[in-house]
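This report walks a newcomer through one protein, from its overall plan down to a few individual residues. Please keep the sequence and the structure in view while reading.

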Amino acid sequence: MGAETGLAMFCGILQKIKPYLAMISLQFGYAGMYIVTMLCLKKGMNHYVLAVYRHVVATIVISPFAIVLERKIRPKMTLPIFARILLLGFLEPVLDQNLYYVGLKLTSATFTSVTINILPAVTFIMALIFRLESVNLKKIRSIAKVAGTLVTIGGAMVMTLYKGPIVEIFHGHGSHAAHSSSSSESADQHWVLGTLMLLGSIVGWSGFFILQSFTLRKYPAELSLTALICVAGTVEGSIVTLIMERDFSVWVIGWDSRLLAAVYTGVICSGLAYYIQGVVIRERGPVFVTSFTPLCMIITAFLGSVVLAEQIHLGSIIGAIFIVMGLYLVVWGKAKDHLNKLTSQKGSADTELPITAEPETTAAERCSSKAPPA
């Protein structure tokens, strides 16, 4: 009896923290992407080709699971859904990623991860416009979401505008320091253009989250939708690459960091990421998903200082503290929203996505049920 009670408590806790574990794990994956991508771009890989190969890999990895696991629940394809998938394939795999790669190449891995921190704010504003998110300033949870968004933006602004003295955490070797110096000079020269590219990337990424949320209402098969987005991204990205790059030699990659970047970003940052985000979006909404983005900046800053010998300034540390505070406020507000939704609107559609009532299950059944990978 005691073992059964303990199992029930463990499964109950696991059910509550699964979305948090999934999104935190995803931020580690994205942090690795910043580093691997920067290395391959510095070695001359074409960013259009990288975006295409990334989704070729994602398609190969995800499609078998989608075909087998969702063969009985996959909705019928309609023209409106097909049009949405084409737009999703353009917003993130083509528009967002190519602008992101250009911005990353013109700035630095750490600065890019800092700039991406405004993603939750942009997504929150878009969610309000499309009525996927509600704000009632008489409720403390809504105040927390708004305040957290503002604090997050403030932290990102501090990291961007105030550098301060260098904080020595790790001492890079000579070759790393020279590489960092060269990268810094290039970043200073193209900083404005790189920042504009990153801002455009953020708008495209936010639009992807919003449209994915709407599409999941009509096509509630996360694996199949992920595979279709990757196929659409591959085809559309190939067309864009053939238009922009007439030299076919750019398609050649070897057994080096370029292949690693294509495989890593394809499996982790496209295949798994699209699926995990889709699952969590259906349960918690797009604002919850993007609110974890600031964690990626902190992880990337650490990895950047170790792998790329990028310098960490005092302003980055101060900004990181504010960003974590803002993240906590937003997540707390969303958690209260979710609790209120379960208690007062059970079985009815909420402001983000409709909730389908499920039959009651035992603790053991909940543990063995299909869950998003964390």
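## Overall plan

How many helices and how many strands does the protein have? The protein has 14 helices and 0 strands, and so the pattern read along the sequence is α-α-α-α-α-α-α-α-α-α-α-α-α-α, given that helices and strands are numbered from the N terminus. The model is predicted, and the statements below should be read with that in mind.

The protein consists of 374 residues, of which 48% count as buried. Its exposed area comes to about 17800 Å², and carbon and sulfur atoms supply 70% of that area. When contacts between residues at least 6 apart in sequence are considered, 90% of them join residues that are at least 24 apart.

## Confidence along the chain

The average pLDDT of the protein is 79, and 82% of the residues score at least 70. Confidence is lowest in helix α7, which covers residues 174–189 and has a mean of 44, whereas the highest value, 94, belongs to helix α9, residues 222–244.

Two stretches call for particular care in reading. Over residues 172–187 the pLDDT stays under 50, and the model has 14 contacts for this stretch beyond four places in sequence. Over residues 362–374 the pLDDT is likewise below 50, and this stretch has 21 contacts in the model beyond near neighbours in sequence.

## Helix α2 and a nonpolar surface patch

Helix α2 spans residues 47–69, and V61 lies within it; H47 also lies in helix α2. Is H47 buried or exposed? H47 counts as buried because its relative accessibility is 16%, and buried means under 20%. Leaving aside residues up to four places away in sequence, H47 touches L41, N98, Y101 and V102.

V61, by comparison, counts as partly exposed because its relative accessibility is 31%. V61 is also one of the residues of a nonpolar patch on the surface, which is formed by V56, I60, V61, F65, I67, V68 and L69. Together, these residues have about 640 Å² of accessible area.

## Helix α10 and its kink

Helix α10 runs over residues 257–284 and contains a kink of about 40°, centred on A273. The residue that follows α10 is G285, whose phi is positive, near 95°.

## Salt bridges

Side chains of opposite charge can pair when their charged atoms come close. How many salt bridges does a search of the whole structure find? The search finds 3 salt bridges, and each of them is described here in turn.

In one of them, the side chains of E222 and R282 meet, with an N to O distance of 3.2 Å. This pair links distant parts of the chain, since E222 is in helix α9 and R282 is in helix α10, 60 residues apart. E222 counts as buried because its relative accessibility is 11%, while R282, with a relative accessible area of 31%, is partly exposed.

Another salt bridge joins the side chains of D256 and R258, at 2.9 Å from N to O. D256 is partly exposed, with a relative accessible area of 29%, and R258 is also partly exposed, with 22%. The remaining salt bridge is formed by R284 and E283, whose closest N and O atoms are 3.7 Å apart. R284 counts as buried because its relative accessibility is 7%, whereas E283, with a relative accessible area of 33%, is partly exposed.

## I298 and its surroundings

Which helix holds I298? I298 lies in helix α12, which covers residues 293–307, and I298 counts as partly exposed because its relative accessibility is 32%. Not counting residues up to four places away in sequence, I298 touches A320 and V324.

I298 can also be placed relative to an earlier part of the chain: the C-alpha atoms of I298 and S113 are separated by 8.3 Å, although the two residues are 185 residues apart along the chain.

Notes: Residues numbered from 1 in each chain as written. Predicted model: local features only at pLDDT ≥ 70, side-chain atom pairs only at ≥ 80, totals over all residues. Heavy atoms only, no water. Patch = residues over 30% accessible without salt bridge, like charges linked within 9 Å, V, L, I, M, F, W, Y side chains within 5 Å. Areas by Shrake-Rupley, 256 points an atom, 1.4 Å probe, with all protein chains shown as cover. Salt bridge = Lys/Arg side-chain N within 4 Å of Asp/Glu carboxyl O. Helix = DSSP H or I, 4+ residues; strand = E, 2+ residues; numbered from the N terminus. Buried < 20%, exposed > 50% of the residue type's maximum accessible area, 1.4 Å probe, protein only. Bend = angle between axes of the 7 residues up to and from the residue. Contact = heavy atoms within 4.5 Å. pLDDT = per-residue confidence, 0-100.
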